Amino acid sequence: MRCLLVFLSLLAWVTGAAMLPAADRPNILILLSDDQGWTDYGFMGHATIRTPHLDRLAAQSAVFSRGYVPSSLCRPSLATLITGLYPHQHRISGNDPVFTAPRGRPRYQSEEYLRLNERLIAHIEEHPTLPRLLGAIGYQSLQTGKWWEGNFARGGFTAGMTHGDPHRGGRHGDAGLDVGRKGIQPVIDFLDAAGDQPWFLWFAPMMPHTPHTPPERLLEKYLVPGKSIHVARYQAMCEWWDEVCGEVLNQLDRRGLTDKTLVIYLCDNGWIQDPEAPRYAPRSKRSPHEGGIRTPIMLRWPGRITPARYETLVSSIDIAPTILAACGLKPTDEMSGLNLLEVCRNDGRSDRERLFGEIFDHDVADVDVPARSLQYRWCIEGEWKLILPAAAEEPVELYHLSEDPHEERNLAGRHPEIVQRLTAAIQNWWPGT
(Lines give C-alpha, C1' and ligand atoms only; values in the text may rest on other atoms or scores of the structure.)
Protein backbone atom coordinates (compact mmCIF):
# COMPACT_ATOMS: atom_id res chain seq x y z
CA MET A 1 0.00 0.00 0.00
CA ARG A 2 2.84 2.40 0.91
CA CYS A 3 4.55 1.90 -2.46
CA LEU A 4 1.24 2.34 -4.29
CA LEU A 5 0.61 5.67 -2.57
CA VAL A 6 4.10 6.88 -3.44
CA PHE A 7 3.58 5.77 -7.05
CA LEU A 8 0.24 7.59 -7.31
CA SER A 9 1.65 10.79 -5.80
CA LEU A 10 4.65 10.56 -8.12
CA LEU A 11 2.37 10.11 -11.13
CA ALA A 12 0.31 13.15 -10.15
CA TRP A 13 3.46 15.19 -9.53
CA VAL A 14 5.02 14.34 -12.90
CA THR A 15 1.75 15.01 -14.72
CA GLY A 16 1.56 18.48 -13.21
CA ALA A 17 5.26 19.35 -13.46
CA ALA A 18 6.68 21.62 -16.11
CA MET A 19 9.38 19.72 -17.99
CA LEU A 20 12.24 20.81 -20.19
CA PRO A 21 12.76 19.23 -23.60
CA ALA A 22 14.85 16.09 -23.19
CA ALA A 23 17.81 17.67 -24.99
CA ASP A 24 18.00 20.46 -22.38
CA ARG A 25 18.03 18.21 -19.32
CA PRO A 26 21.46 17.97 -17.71
CA ASN A 27 23.14 14.89 -16.38
CA ILE A 28 23.47 15.04 -12.59
CA LEU A 29 26.63 14.05 -10.70
CA ILE A 30 26.78 14.18 -6.90
CA LEU A 31 30.29 13.96 -5.46
CA LEU A 32 29.74 13.14 -1.80
CA SER A 33 32.64 13.23 0.62
CA ASP A 34 32.41 11.15 3.80
CA ASP A 35 33.71 12.47 7.14
CA GLN A 36 35.75 15.49 6.06
CA GLY A 37 36.27 18.78 7.86
CA TRP A 38 34.87 21.88 6.18
CA THR A 39 38.30 23.57 6.25
CA ASP A 40 40.19 20.60 4.81
CA TYR A 41 40.60 21.67 1.19
CA GLY A 42 43.01 23.91 -0.64
CA PHE A 43 40.19 26.15 -1.86
CA MET A 44 38.98 26.53 1.74
CA GLY A 45 42.41 27.72 2.82
CA HIS A 46 44.01 24.67 4.44
CA ALA A 47 47.75 25.20 4.66
CA THR A 48 48.76 21.53 4.31
CA ILE A 49 46.13 19.39 2.59
CA ARG A 50 46.45 19.35 -1.20
CA THR A 51 43.25 19.08 -3.23
CA PRO A 52 44.16 20.27 -6.76
CA HIS A 53 41.24 18.60 -8.55
CA LEU A 54 38.64 19.97 -6.16
CA ASP A 55 40.40 23.35 -6.24
CA ARG A 56 39.93 23.32 -10.02
CA LEU A 57 36.29 22.34 -9.61
CA ALA A 58 35.85 25.20 -7.13
CA ALA A 59 37.31 27.67 -9.62
CA GLN A 60 34.66 26.55 -12.13
CA SER A 61 31.76 26.50 -9.65
CA ALA A 62 29.48 28.53 -7.48
CA VAL A 63 31.04 27.81 -4.09
CA PHE A 64 28.89 28.21 -1.01
CA SER A 65 31.46 28.28 1.77
CA ARG A 66 28.74 28.43 4.45
CA GLY A 67 27.06 25.17 3.53
CA TYR A 68 25.53 22.86 6.13
CA VAL A 69 23.91 19.49 6.64
CA PRO A 70 21.00 19.32 9.10
CA SER A 71 22.40 16.28 10.93
CA SER A 72 26.05 15.34 11.44
CA LEU A 73 25.76 11.57 10.99
CA CYS A 74 25.98 9.72 7.69
CA ARG A 75 22.72 7.77 7.44
CA PRO A 76 20.29 10.61 8.23
CA SER A 77 22.45 13.01 6.22
CA LEU A 78 22.33 10.78 3.14
CA ALA A 79 18.58 10.29 3.51
CA THR A 80 18.15 14.07 3.58
CA LEU A 81 20.21 14.45 0.42
CA ILE A 82 18.21 11.86 -1.52
CA THR A 83 14.76 13.08 -0.32
CA GLY A 84 15.20 16.81 0.26
CA LEU A 85 13.66 16.37 3.73
CA TYR A 86 14.84 16.91 7.28
CA PRO A 87 15.46 13.74 9.35
CA HIS A 88 12.37 14.36 11.44
CA GLN A 89 10.41 14.29 8.16
CA HIS A 90 11.93 11.20 6.54
CA ARG A 91 12.30 9.51 9.97
CA ILE A 92 15.75 8.01 9.36
CA SER A 93 17.33 9.79 12.30
CA GLY A 94 20.29 7.55 13.19
CA ASN A 95 22.53 4.80 11.86
CA ASP A 96 21.09 1.78 13.66
CA PRO A 97 18.06 0.93 15.77
CA VAL A 98 18.58 0.19 19.45
CA PHE A 99 18.71 -3.57 19.85
CA THR A 100 20.14 -6.27 22.10
CA ALA A 101 23.40 -7.65 20.74
CA PRO A 102 23.10 -11.42 20.31
CA ARG A 103 25.62 -13.96 21.48
CA GLY A 104 27.33 -16.34 19.12
CA ARG A 105 26.29 -14.69 15.84
CA PRO A 106 27.15 -11.52 13.90
CA ARG A 107 25.79 -8.43 15.63
CA TYR A 108 23.93 -7.05 12.61
CA GLN A 109 22.28 -10.35 11.71
CA SER A 110 20.20 -10.72 14.86
CA GLU A 111 16.47 -11.11 14.29
CA GLU A 112 15.73 -8.03 16.39
CA TYR A 113 18.15 -5.85 14.43
CA LEU A 114 16.88 -7.08 11.07
CA ARG A 115 13.26 -6.46 12.04
CA LEU A 116 13.86 -2.94 13.36
CA ASN A 117 16.26 -1.95 10.60
CA GLU A 118 13.77 -3.11 7.99
CA ARG A 119 11.31 -0.62 9.44
CA LEU A 120 13.95 2.10 9.13
CA ILE A 121 14.71 1.16 5.53
CA ALA A 122 11.01 1.16 4.70
CA HIS A 123 10.89 4.91 5.39
CA ILE A 124 12.91 5.58 2.24
CA GLU A 125 10.06 4.03 0.25
CA GLU A 126 7.55 6.48 1.73
CA HIS A 127 9.06 9.41 -0.15
CA PRO A 128 9.71 10.23 -3.81
CA THR A 129 13.51 10.13 -3.84
CA LEU A 130 15.61 11.89 -6.47
CA PRO A 131 16.22 8.70 -8.50
CA ARG A 132 12.48 8.00 -8.55
CA LEU A 133 11.57 11.56 -9.51
CA LEU A 134 14.15 11.72 -12.27
CA GLY A 135 13.41 8.17 -13.41
CA ALA A 136 9.82 9.26 -14.10
CA ILE A 137 11.12 11.51 -16.90
CA GLY A 138 13.59 9.04 -18.38
CA TYR A 139 16.76 9.30 -16.29
CA GLN A 140 19.00 6.31 -15.68
CA SER A 141 20.61 6.32 -12.23
CA LEU A 142 23.56 4.62 -10.55
CA GLN A 143 24.24 4.15 -6.84
CA THR A 144 27.85 3.73 -5.78
CA GLY A 145 29.53 3.95 -2.38
CA LYS A 146 27.77 4.57 0.92
CA TRP A 147 24.10 3.52 0.97
CA TRP A 148 22.24 2.40 4.09
CA GLU A 149 18.74 1.74 2.78
CA GLY A 150 18.95 -1.89 1.65
CA ASN A 151 19.23 -2.73 -2.02
CA PHE A 152 19.88 0.23 -4.31
CA ALA A 153 16.50 -0.32 -6.00
CA ARG A 154 14.68 0.56 -2.77
CA GLY A 155 15.90 4.11 -3.22
CA GLY A 156 14.68 4.18 -6.81
CA PHE A 157 18.04 3.71 -8.56
CA THR A 158 17.94 1.84 -11.87
CA ALA A 159 21.41 0.40 -11.22
CA GLY A 160 23.76 0.14 -8.28
CA MET A 161 26.53 -1.60 -6.41
CA THR A 162 24.88 -2.21 -3.02
CA HIS A 163 22.92 -5.46 -2.62
CA GLY A 164 21.81 -4.72 0.95
CA ASP A 165 21.62 -8.36 2.06
CA PRO A 166 22.54 -8.41 5.77
CA HIS A 167 23.53 -12.08 5.55
CA ARG A 168 26.23 -11.07 3.05
CA GLY A 169 27.51 -8.07 4.97
CA GLY A 170 24.85 -5.61 3.87
CA ARG A 171 24.49 -2.67 6.25
CA HIS A 172 25.76 0.62 4.86
CA GLY A 173 27.03 -0.08 1.35
CA ASP A 174 28.60 -3.57 1.18
CA ALA A 175 30.02 -4.02 -2.37
CA GLY A 176 29.41 -0.35 -3.08
CA LEU A 177 32.16 0.60 -0.65
CA ASP A 178 34.79 -0.72 -3.05
CA VAL A 179 34.33 2.26 -5.34
CA GLY A 180 37.03 4.88 -5.02
CA ARG A 181 39.52 2.86 -3.01
CA LYS A 182 39.50 0.17 -5.73
CA GLY A 183 38.95 2.43 -8.72
CA ILE A 184 35.90 3.79 -10.55
CA GLN A 185 35.18 1.01 -13.06
CA PRO A 186 31.44 0.84 -12.15
CA VAL A 187 31.17 4.52 -13.06
CA ILE A 188 32.93 3.97 -16.36
CA ASP A 189 30.68 1.02 -17.18
CA PHE A 190 27.56 3.03 -16.35
CA LEU A 191 28.63 5.95 -18.54
CA ASP A 192 29.45 3.55 -21.38
CA ALA A 193 25.97 2.05 -21.17
CA ALA A 194 24.05 5.32 -20.74
CA GLY A 195 24.50 6.48 -24.31
CA ASP A 196 22.42 9.59 -24.98
CA GLN A 197 20.05 9.04 -22.06
CA PRO A 198 20.27 11.57 -19.24
CA TRP A 199 21.65 10.12 -16.04
CA PHE A 200 21.92 10.67 -12.29
CA LEU A 201 25.09 9.43 -10.59
CA TRP A 202 25.37 9.02 -6.81
CA PHE A 203 29.13 8.89 -6.18
CA ALA A 204 29.62 8.40 -2.44
CA PRO A 205 32.81 6.44 -1.68
CA MET A 206 33.63 5.89 1.98
CA MET A 207 36.44 8.45 1.68
CA PRO A 208 38.22 9.99 3.48
CA HIS A 209 36.27 8.00 6.12
CA THR A 210 38.14 5.50 8.32
CA PRO A 211 39.94 3.22 7.91
CA HIS A 212 42.53 5.81 7.00
CA THR A 213 44.65 3.68 4.67
CA PRO A 214 46.10 6.05 2.07
CA PRO A 215 48.70 4.91 -0.47
CA GLU A 216 52.23 5.18 0.88
CA ARG A 217 53.14 7.68 -1.84
CA LEU A 218 50.55 10.09 -0.40
CA LEU A 219 51.19 9.35 3.26
CA GLU A 220 54.87 10.21 2.81
CA LYS A 221 53.90 13.80 1.92
CA TYR A 222 52.26 14.33 5.29
CA LEU A 223 54.74 12.53 7.55
CA VAL A 224 56.70 15.33 9.17
CA PRO A 225 58.45 15.45 12.54
CA GLY A 226 56.11 16.30 15.36
CA LYS A 227 52.90 15.50 13.48
CA SER A 228 50.57 12.82 14.76
CA ILE A 229 50.50 9.73 12.52
CA HIS A 230 46.71 9.78 12.81
CA VAL A 231 46.56 13.34 11.51
CA ALA A 232 48.99 12.49 8.71
CA ARG A 233 46.88 9.53 7.61
CA TYR A 234 43.69 11.56 7.62
CA GLN A 235 45.27 14.37 5.61
CA ALA A 236 46.63 11.90 3.07
CA MET A 237 43.14 10.40 2.78
CA CYS A 238 41.78 13.83 1.88
CA GLU A 239 44.25 14.05 -0.99
CA TRP A 240 43.39 10.50 -2.10
CA TRP A 241 39.70 11.46 -2.16
CA ASP A 242 40.64 14.46 -4.28
CA GLU A 243 42.41 12.20 -6.76
CA VAL A 244 39.36 9.95 -7.03
CA CYS A 245 37.13 12.97 -7.70
CA GLY A 246 39.59 13.99 -10.39
CA GLU A 247 39.23 10.58 -12.07
CA VAL A 248 35.45 10.95 -12.25
CA LEU A 249 35.60 14.53 -13.51
CA ASN A 250 38.16 13.48 -16.14
CA GLN A 251 35.63 10.96 -17.45
CA LEU A 252 33.24 13.83 -18.12
CA ASP A 253 35.95 15.77 -19.94
CA ARG A 254 37.00 12.78 -22.07
CA ARG A 255 33.40 12.04 -23.09
CA GLY A 256 32.46 15.62 -23.89
CA LEU A 257 29.91 15.64 -21.06
CA THR A 258 31.27 18.47 -18.92
CA ASP A 259 28.99 21.16 -20.35
CA LYS A 260 25.99 18.82 -20.16
CA THR A 261 26.43 17.88 -16.50
CA LEU A 262 25.45 19.60 -13.29
CA VAL A 263 28.10 18.62 -10.73
CA ILE A 264 27.25 19.04 -7.05
CA TYR A 265 29.85 18.60 -4.33
CA LEU A 266 29.37 18.39 -0.57
CA CYS A 267 30.22 16.24 2.47
CA ASP A 268 27.82 14.14 4.54
CA ASN A 269 29.19 15.45 7.86
CA GLY A 270 32.32 16.99 9.29
CA TRP A 271 35.40 15.55 10.93
CA ILE A 272 38.13 16.75 13.27
CA GLN A 273 40.92 14.22 13.59
CA ASP A 274 41.86 13.11 17.10
CA PRO A 275 45.67 13.26 17.18
CA GLU A 276 45.83 10.47 19.75
CA ALA A 277 43.76 7.78 18.02
CA PRO A 278 42.13 6.84 14.69
CA ARG A 279 38.83 8.49 15.57
CA TYR A 280 37.09 11.84 15.44
CA ALA A 281 37.64 14.48 18.10
CA PRO A 282 34.82 16.09 20.09
CA ARG A 283 32.74 18.86 18.50
CA SER A 284 32.95 17.28 15.05
CA LYS A 285 31.04 14.28 13.70
CA ARG A 286 27.73 13.66 15.57
CA SER A 287 27.85 17.12 17.17
CA PRO A 288 25.83 20.29 16.45
CA HIS A 289 29.01 22.33 16.17
CA GLU A 290 30.58 23.68 12.99
CA GLY A 291 33.04 20.80 12.93
CA GLY A 292 30.12 18.41 12.52
CA ILE A 293 27.54 20.16 10.37
CA ARG A 294 29.42 22.57 8.10
CA THR A 295 30.56 21.69 4.57
CA PRO A 296 31.38 23.62 1.42
CA ILE A 297 28.69 23.08 -1.23
CA MET A 298 29.69 23.55 -4.88
CA LEU A 299 27.66 23.63 -8.08
CA ARG A 300 29.21 23.50 -11.55
CA TRP A 301 27.20 23.75 -14.76
CA PRO A 302 29.21 25.50 -17.49
CA GLY A 303 27.27 28.17 -19.30
CA ARG A 304 24.43 28.01 -16.77
CA ILE A 305 26.14 28.79 -13.44
CA THR A 306 28.67 31.62 -13.20
CA PRO A 307 31.69 30.70 -11.08
CA ALA A 308 31.61 32.73 -7.87
CA ARG A 309 32.02 32.45 -4.13
CA TYR A 310 29.11 33.14 -1.80
CA GLU A 311 28.67 33.45 1.96
CA THR A 312 24.96 32.66 1.66
CA LEU A 313 23.56 30.19 4.21
CA VAL A 314 22.70 27.01 2.31
CA SER A 315 21.91 23.44 3.28
CA SER A 316 21.81 19.94 1.86
CA ILE A 317 18.00 20.26 1.94
CA ASP A 318 18.52 22.65 -1.00
CA ILE A 319 20.12 20.01 -3.21
CA ALA A 320 16.97 18.11 -4.24
CA PRO A 321 14.97 21.24 -5.20
CA THR A 322 17.98 22.52 -7.13
CA ILE A 323 18.40 19.30 -9.10
CA LEU A 324 14.68 19.15 -9.90
CA ALA A 325 14.71 22.77 -11.08
CA ALA A 326 17.70 22.07 -13.34
CA CYS A 327 15.67 19.28 -14.94
CA GLY A 328 12.58 21.45 -15.38
CA LEU A 329 10.68 19.92 -12.46
CA LYS A 330 9.03 21.39 -9.38
CA PRO A 331 9.92 20.36 -5.83
CA THR A 332 7.44 18.16 -4.02
CA ASP A 333 5.13 19.79 -1.48
CA GLU A 334 7.18 18.43 1.44
CA MET A 335 10.46 19.98 0.28
CA SER A 336 11.32 23.30 1.93
CA GLY A 337 14.79 23.93 0.49
CA LEU A 338 15.94 26.65 -1.89
CA ASN A 339 16.59 26.41 -5.61
CA LEU A 340 20.29 27.29 -5.58
CA LEU A 341 20.23 28.00 -9.32
CA GLU A 342 17.98 30.96 -8.53
CA VAL A 343 20.30 32.00 -5.70
CA CYS A 344 23.22 31.99 -8.15
CA ARG A 345 21.23 34.09 -10.64
CA ASN A 346 20.61 36.58 -7.82
CA ASP A 347 24.33 36.91 -7.06
CA GLY A 348 24.01 34.84 -3.91
CA ARG A 349 21.00 36.64 -2.47
CA SER A 350 18.12 34.66 -1.00
CA ASP A 351 15.11 35.35 1.20
CA ARG A 352 16.19 32.75 3.77
CA GLU A 353 16.38 34.29 7.22
CA ARG A 354 17.50 31.26 9.20
CA LEU A 355 18.96 27.80 8.77
CA PHE A 356 17.87 24.85 10.94
CA GLY A 357 19.08 21.39 11.84
CA GLU A 358 18.79 18.57 14.33
CA ILE A 359 21.08 16.00 15.94
CA PHE A 360 19.90 12.58 17.10
CA ASP A 361 21.43 9.60 18.88
CA HIS A 362 23.52 7.24 16.76
CA ASP A 363 21.22 4.37 17.80
CA VAL A 364 17.54 5.07 17.18
CA ALA A 365 15.34 4.61 20.25
CA ASP A 366 12.12 4.47 18.22
CA VAL A 367 12.34 3.83 14.46
CA ASP A 368 9.03 5.60 13.85
CA VAL A 369 9.33 8.58 16.23
CA PRO A 370 12.57 10.57 15.74
CA ALA A 371 11.85 12.90 18.66
CA ARG A 372 12.56 10.09 21.12
CA SER A 373 16.21 10.10 20.00
CA LEU A 374 16.61 13.87 19.81
CA GLN A 375 19.79 15.39 21.27
CA TYR A 376 19.94 18.94 19.87
CA ARG A 377 18.24 21.35 17.54
CA TRP A 378 20.18 24.27 16.11
CA CYS A 379 19.54 27.50 14.24
CA ILE A 380 21.77 30.00 12.42
CA GLU A 381 20.58 33.56 11.79
CA GLY A 382 23.21 35.68 10.08
CA GLU A 383 26.29 35.28 12.26
CA TRP A 384 24.41 34.05 15.34
CA LYS A 385 24.11 30.34 16.05
CA LEU A 386 21.98 28.80 18.79
CA ILE A 387 22.31 25.18 19.94
CA LEU A 388 19.28 24.03 21.90
CA PRO A 389 19.77 20.75 23.81
CA ALA A 390 16.93 18.32 24.36
CA ALA A 391 18.23 17.50 27.85
CA ALA A 392 17.18 20.15 30.37
CA GLU A 393 20.43 19.79 32.34
CA GLU A 394 22.60 20.80 29.37
CA PRO A 395 23.33 24.49 28.76
CA VAL A 396 22.01 26.41 25.78
CA GLU A 397 24.88 27.57 23.55
CA LEU A 398 25.06 30.80 21.55
CA TYR A 399 27.95 31.76 19.28
CA HIS A 400 28.87 34.61 16.96
CA LEU A 401 30.39 32.66 14.10
CA SER A 402 32.39 35.31 12.26
CA GLU A 403 34.10 36.38 15.49
CA ASP A 404 34.30 32.88 16.95
CA PRO A 405 34.25 30.30 14.11
CA HIS A 406 35.43 27.49 16.40
CA GLU A 407 32.68 28.18 18.96
CA GLU A 408 34.91 28.72 21.97
CA ARG A 409 32.90 31.49 23.71
CA ASN A 410 29.32 30.71 24.71
CA LEU A 411 27.47 34.05 24.70
CA ALA A 412 24.06 32.75 25.78
CA GLY A 413 24.25 34.46 29.16
CA ARG A 414 25.17 37.82 27.62
CA HIS A 415 22.42 37.90 24.98
CA PRO A 416 19.21 36.45 26.44
CA GLU A 417 17.08 38.31 23.90
CA ILE A 418 18.82 36.52 21.01
CA VAL A 419 18.48 33.18 22.77
CA GLN A 420 14.78 33.83 23.24
CA ARG A 421 14.25 34.84 19.61
CA LEU A 422 16.11 31.90 18.10
CA THR A 423 14.54 29.44 20.54
CA ALA A 424 11.11 30.61 19.39
CA ALA A 425 12.22 30.22 15.76
CA ILE A 426 13.38 26.65 16.42
CA GLN A 427 10.13 25.78 18.16
CA ASN A 428 8.18 27.19 15.25
CA TRP A 429 10.28 25.20 12.77
CA TRP A 430 9.93 21.88 14.63
CA PRO A 431 8.94 21.57 18.30
CA GLY A 432 10.87 18.34 18.74
CA THR A 433 7.87 16.31 19.84
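# Strand pairing, cores and backbone outliers

Strand β7 (residues 261-267) is joined to strand β8 (residues 294-300) by three bridges, and the two strands run antiparallel; two strands count as paired here if DSSP finds at least two bridges between them. Strands (E, at least two residues) and helices (H or I, at least four residues) are DSSP runs that are numbered from the N terminus. The model is a predicted one, in which local features need pLDDT of at least 70 and side-chain atom pairs count only at pLDDT 80 or more, while totals for chains, interfaces and linings use all residues. Residues are numbered from 1 along each chain as its sequence is written, and side-chain values use heavy atoms, with hydrogens and water left out.

## The sheet around β7 and β6

Within the antiparallel pairing of β7 with β8, I264 has L299 of β8 as its bridge partner. β7 also pairs with β1, in this case in the parallel sense and over seven bridges, and there I28 finds its bridge partner L262 in β7. β7 is mostly covered, since seven of its seven residues are buried, where buried means under 20% relative accessible area, exposed means over 50%, and partly exposed lies in between (1.4 Å probe, protein chains only). The burial extends to both faces of the strand: T261, V263, Y265 and C267 are buried on one side, and L262, I264 and L266 are buried on the other.

Strand β6 (residues 199-204) shows six of its six residues buried and is likewise mostly covered. One of its faces carries W199, L201 and F203, the other carries F200, W202 and A204, and all of these residues are buried. β6 has two parallel pairings to describe: four bridges connect it to strand β1 (residues 27-33), and six bridges connect it to strand β4 (residues 140-145). W202 takes part in both, being the bridge partner of I30 and standing opposite Q143.

In strand β1 lies S33, which is buried with a relative accessible area of 1%. The side chain of S33 makes a polar contact with the side chain of Q36 at 2.7 Å. Such a contact is a pair of N or O atoms within 3.5 Å in which, within protein, one atom must be able to donate a hydrogen and the other to accept it, residues adjacent in sequence counting only if both atoms are side-chain atoms.

## Cores and cavity

The largest nonpolar core has 47 residues, and those with the most contacts inside it are F64, L134, F200, W202, L299 and I323. A second, separate core of 41 residues includes L201, Y222, M237 and C267. A core in this sense is a set of buried Ala, Val, Leu, Ile, Met, Phe, Trp, Tyr and Cys residues joined through side-chain atoms within 4.5 Å. The two faces of β6 can be followed into these cores, as F200 and W202 of one face are among the named residues of the largest core, whereas L201 of the other face is named in the second.

The count comes to one cavity of 30 Å³ or more, with about 30 Å³ of space in the largest cavity. On a 1 Å grid over the protein atoms alone, a cavity is a set of points where a 1.4 Å probe fits but cannot get out, and lining residues have an atom within 4 Å of a point; grid points are joined across faces, edges and corners, and a volume is the space filled by probe spheres set on the points. R75, L78, A79, W147, W148 and E149 line the largest cavity, a set that divides into four nonpolar, no polar and two charged residues.

## Backbone outliers

Most residues other than glycine have a negative phi, and most peptide bonds are trans. The table lists two residues with positive phi and two cis peptide bonds.

| Site | Backbone angle | Location |
|---|---|---|
| R91 | phi near 70° | loop between α4 (87-90) and β3 (96-97) |
| D174 | phi near 35° | loop between β5 (159-160) and α7 (185-194) |
| M207 to P208, cis | omega near 0° | P208 in the loop between β6 and α8 (216-222) |
| T210 to P211, cis | omega about 5° | P211 in the loop between β6 and α8 |

R91 is partly exposed, with a relative accessible area of 25%, whereas D174 counts as buried at 13% relative accessibility.

Finally, G291 lies in helix α10 (residues 290-293) and is buried, with a relative accessible area of 11%. G291 and A281 are ten residues apart in sequence, and their C-alpha atoms are 9.4 Å apart in space.

How values were computed. On a 1 Å grid over the protein atoms alone, a cavity is a set of points where a 1.4 Å probe fits but cannot get out, and a pocket is an open set with protein on both sides within 12 Å along at least five of seven lines; lining residues have an atom within 4 Å of a point. Ala, Val, Leu, Ile, Met, Phe, Trp, Tyr, Cys and Pro count as nonpolar, Asp, Glu, Lys and Arg as charged, and the others, Gly among them, as polar.
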